Amino acid sequence: MPSPHAPVLPDDLFLIEVEDATRRVTTRTLDVSRSPAMLLSFAANHFTEAASRYFKSQYDLGAIDWRLLFFFARNPGGTAALAARTIGIDKGAVSRSLQRLVEADLVVAGDLHPNGRSRGWTLSKQGHKLHARMLRVALDRQKQVLRL
């Protein structure tokens, strides 16, 4: 719910009219260049894609893999379900990524939780070393973004 003191901007500020010559109609839709939600989404996608290409080329890690590496550095003992909710990705994708991280000796499974279905995950010694290298890169990339 917006703050009662927040300015209310008119919808027209974020809309554009697009002509469909084949149907001879005009449709109103979001103007991508003026919609904050669209701009944030596009920027986030662009940033993630660039980071993914870099981490894939340098460390052979996909986007979910490196996100999980950072997640478990921040949340030692966190579960796959918590990682999925926090990062906003499918549990199946987390499970497949965890398998790759286990095979690469980057994460270690903890004991089974009392619920009998989940276990916590922590970074291995190798995972901590890789995280430290990746953290330096992530901080440098953040500085570049903040300079723009």
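1. Let's start with two strands that sit side by side in this predicted model. Strand β3 covers residues 78-79 and strand β5 covers residues 119-123; the two pair in the antiparallel sense, over two bridges. To find the pairing on screen, look for Thr79, whose bridge partner in β5 is Gly120.

2. Now turn to the other partner of β5. Strand β4, residues 107-112, runs antiparallel to β5, and four bridges join them. A handy residue to click on here is Val107, which stands opposite Leu123 in β5.

3. How many residues lie between the strands in the hairpin of β4 and β5? There are six, and in this hairpin Gly116 takes a positive phi near 75 degrees.

4. Putting these strands together gives an open sheet of three strands, in the order β3-β5-β4, with antiparallel pairing. Which are the edge strands? They are β3 and β4, since each of them pairs on one side only. As a reminder for your notes, strands of a sheet pair through backbone hydrogen bonds, either parallel or antiparallel.

5. Next, the helices. Helix α1 spans residues 36-59, which makes 24 residues. From its first C-alpha to its last it reaches 33 Å, close to the 34 Å expected at 1.5 Å a residue. Just after α1 comes Asp60, and its phi is positive, near 55 degrees.

6. Which residues of α1 are buried? Look for Thr48, Ala50, Ala51, Ser52, Phe55 and Tyr59. The buried residues of α1 pack against two other helices, α2 (63-74) and α5. Try showing these side chains together with both helices, and you can follow the packing for yourself.

7. Finally, a look at the surface. Phe47, Val145 and Leu146 form a nonpolar patch there, and together they have about 280 Å² of accessible area. Leu146 belongs to helix α5, residues 125-147, and α5 is also one of the helices that the buried residues of α1 pack against. Is Leu146 buried or exposed? With a relative accessible area of 67%, Leu146 is exposed, because the cut-off for that word is over 50%.

Key. Residues are numbered from 1 along each chain as its sequence is written. This is a predicted model: local features need pLDDT of at least 70, side-chain atom pairs count only at pLDDT 80 or more; totals for chains, interfaces and linings use all residues. Side-chain values use heavy atoms; hydrogens and water are left out. Patches are made of residues with over 30% relative accessible area and no salt bridge: like charges are joined within 9 Å, nonpolar side chains (Val, Leu, Ile, Met, Phe, Trp, Tyr) within 5 Å. Accessible areas come from the Shrake-Rupley method with a 1.4 Å probe; for residues, only the protein chains shown count as cover. A salt bridge is a side-chain nitrogen of Lys or Arg within 4 Å of a carboxyl oxygen of Asp or Glu. Buried means under 20% relative accessible area, exposed over 50%, partly exposed in between (1.4 Å probe, protein chains only). Two strands pair if DSSP finds at least two bridges between them. The expected span of a helix is 1.5 Å times one less than its number of residues. Contact means heavy atoms within 4.5 Å.
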